[in-house]
Structures are given as C-alpha cells and as structure tokens.
Amino acid sequence: MSNNNQGEKLLQEALKRLESGDTAGSQELLNQLLVTYPGHSEGLMRRGFVRMRLYDVEGALGDWEEAISREPALAKKFDTPELRSSVESALQQIKAVSIDPTSAQYYILIGRAYSVFGRYALSLQAYTSALRISPEEIPAGLGSAGVYLKLGQTEQALQVLQKMLELHPNSALLCSRVG
C-alpha cells in the first residue's frame with residue numbers, strides 16, 4: 001500500500017470514529033496520521049474540529065492555521081454546505097468556551113477563527129473590538145494587520161503596525177513586521 005493510501009486510510013478511519021462518537025479515538029488516529037505524515041493538511045483541519053469538540057480552542061486554531069498556510073484551498077473546501085455547519089458550530093463553541101467575553105483575548109481568539117475560515121470582515125470586527133478593549137495588545141494588532149494584508153489593503157495594515165510600534169517601540173516582533 002502506498003504512503004498516500006495509508007494516510008487516507010487513517011484519515012477515513014478517524015472520520016468514521018468521529019461520526020460514531022469516539023472523539024478520543026478519532027484524535028488518536030489523527031495524531032498518528034500527523035506523526036507519520038506531518039504535512040497532511042486535511043488531517044490538521046480535521047484534528048482541529050476534533051480538538052474543538054474536546055474544548056481545546058488554541059490547539060484547534062493552531063491546527064487550522066497551519067493547515068491553511070500549507071494548503072490555502074482547504075479554506076474553500078471547508079466552506080461547503082455539508083461542512084459549513086461544522087465551521088459555524090466550531091465558531092460558536094469558541095465563543096462559548098473562551099475566556100471572559102469582555103476581554104481582548106476573547107476577541108483575539110474569535111478574530112483568529114474567523115480569519116482562518118476566510119471571514120475577514122468578521123475577523124476585523126473582532127480584532128477591532130480587542131483593540132478597543134486593550135489598544136496595546138500586540139496579537140490583536142498583528143491579527144488586524146494580517147487581515148488587511150489578505151484583503152489587499154496594505155496601507156491600513158501598515159497604519160495598524162505603525163500604531164502598534166508607537167505603543168511598543170522596543171518590540172522586536174513588531175520591528176520585524178514593519179521592516
């Protein structure tokens with residue numbers, strides 16, 4: 001059996017377990033898949049959904065971001081009618097299990113989630129809310145700038161980064177982003 005077939009077999013078995021309600025078994029198979037095939041983008045996306053079921057918001061977002069950075073077309077694949085409800089459910093779950101909904105961190109998580117699935121207007125709204133609560137929050141500024149760049153709005157991205165740099169003039173991370 002070829003490596004590709006073995007990877008697909010693991011993925012299909014993980015999906016079957018997930019459908020049968022065996023979330024932990026599904027995660028175990030997806031972890032095995034990703035150890036054997038570290039760059040398996042669909043495996044990362046699916047593990048993100050499994051992690052959401054297990055209330056691991058950061059892990060889910062990390063998997064989704066890595067998968068889509070490796071294979072941008074996955075964002076469209078997961079925007080199909082049959083998977084759209086899973087995406088919406090995950091976004092609602094992030095809102096339900098996240099930290100204090102009046103905190104900047106809450107809005108940063110929401111912004112990341114919306115951005116992962118290409119919902120840039122909602123992502124910008126979330127990052128803007130985070131910056132209203134805590135204007136000095138670097139992840140909110142970087143997230144906002146990243147969304148502006150995805151939308152081709154370079155000037156707005158640069159303005160956000162410059163504002164953040166004014167607040168954090170010694171930030172190596174910001175200096176490297178602004179150049």
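The following paragraphs lead through the nonpolar cores, an aromatic cluster, one enclosed helix and the salt bridges of a predicted model.

The interior is described first. In soluble globular proteins, nonpolar side chains tend to be buried together. Here the largest nonpolar core comprises 25 residues, and Met-45, Met-52, Leu-61, Trp-64, Ile-94 and Phe-117 have the most contacts inside it. Two or more residues of this core come from each of helix H3 (41-53), helix H4 (57-70), helix H5 (74-77), helix H6 (81-97) and helix H7 (104-116). Separate from it is a second core of 16 residues, which includes Ile-108, Tyr-127, Ile-138 and Val-147.

Four aromatic pairs are present in the structure. In one of them, the ring centres of Phe-49 and Phe-117 are 6.2 Å apart and the planes stand at 35°, so the pair is classed as tilted. Because Phe-49 belongs to helix H3 and Phe-117 to the loop between H7 and helix H8 (120-133), this pair ties together parts that are 68 residues apart in sequence. Phe-49 is buried at a relative accessible area of 11%, and Phe-117 is buried at 7%. Phe-117 also pairs with Trp-64, here in an edge-to-face arrangement with 5.0 Å from centre to centre and 65° between the planes. Since Trp-64 lies in helix H4 and Phe-117 in the loop between H7 and H8, that pair ties together parts that are 53 residues apart in sequence. Trp-64 is buried, as is Phe-117. Through these ring pairs, Phe-49, Trp-64 and Phe-117 are linked into a cluster.

Helix H3, which carries Phe-49, merits a closer view. Its 13 residues should span 18 Å at 1.5 Å a residue, and the end C-alpha atoms are 19 Å apart, which agrees. Twelve of the 13 residues of H3 are buried, so the helix is largely enclosed by the rest of the structure. The buried residues are not restricted to nonpolar types: among them are Glu-42, Arg-46, Arg-47 and Arg-51. Just after H3, Tyr-55 adopts a positive phi of about 65°. A contact to H3 is also made from helix H2 (residues 23-36), where Ser-26 is located. Ser-26 is buried, with a relative accessible area of 1%; beyond its neighbours within four places in sequence, Ser-26 is in contact with Ala-14, Arg-17, Leu-18 and Val-50.

The charged residues of H3 lead to the salt bridges. Side chains of opposite charge can pair when their charged atoms come close. The structure holds eight salt bridges. Arg-46 forms one with Glu-42, with 3.5 Å between the closest N and O atoms. These two residues are four apart in helix H3 and are therefore separated by about one helical turn. Both Arg-46 and Glu-42 are buried. Another salt bridge joins Asp-63 and Arg-47, whose closest N and O atoms are 2.7 Å apart. Because Asp-63 lies in helix H4 and Arg-47 in helix H3, the pair ties together parts that are 16 residues apart in sequence. Asp-63 is buried at 3% relative accessibility, and Arg-47 is buried at 13%. Asp-56 and Arg-51 meet in a further salt bridge, at 3.7 Å from N to O. Asp-56 is partly exposed at 31% relative accessibility, whereas Arg-51 is buried at 18%. Salt bridges with shared partners join Arg-47, Arg-51, Asp-56 and Asp-63 into one network.

Key:
Residues are numbered from 1 along each chain as its sequence is written. This is a predicted model: local features need pLDDT of at least 70, side-chain atom pairs count only at pLDDT 80 or more; totals for chains, interfaces and linings use all residues. Side-chain values use heavy atoms; hydrogens and water are left out. A nonpolar core is a set of buried Ala, Val, Leu, Ile, Met, Phe, Trp, Tyr and Cys residues joined through side-chain atoms within 4.5 Å. Buried means under 20% relative accessible area, exposed over 50%, partly exposed in between (1.4 Å probe, protein chains only). Rings of Phe, Tyr and Trp (its six-membered ring) pair if their centres lie within 6.5 Å; planes under 30 degrees apart count as stacked, over 60 as edge-to-face and the rest as tilted. Contact means heavy atoms within 4.5 Å. The expected span of a helix is 1.5 Å times one less than its number of residues. A salt bridge is a side-chain nitrogen of Lys or Arg within 4 Å of a carboxyl oxygen of Asp or Glu.
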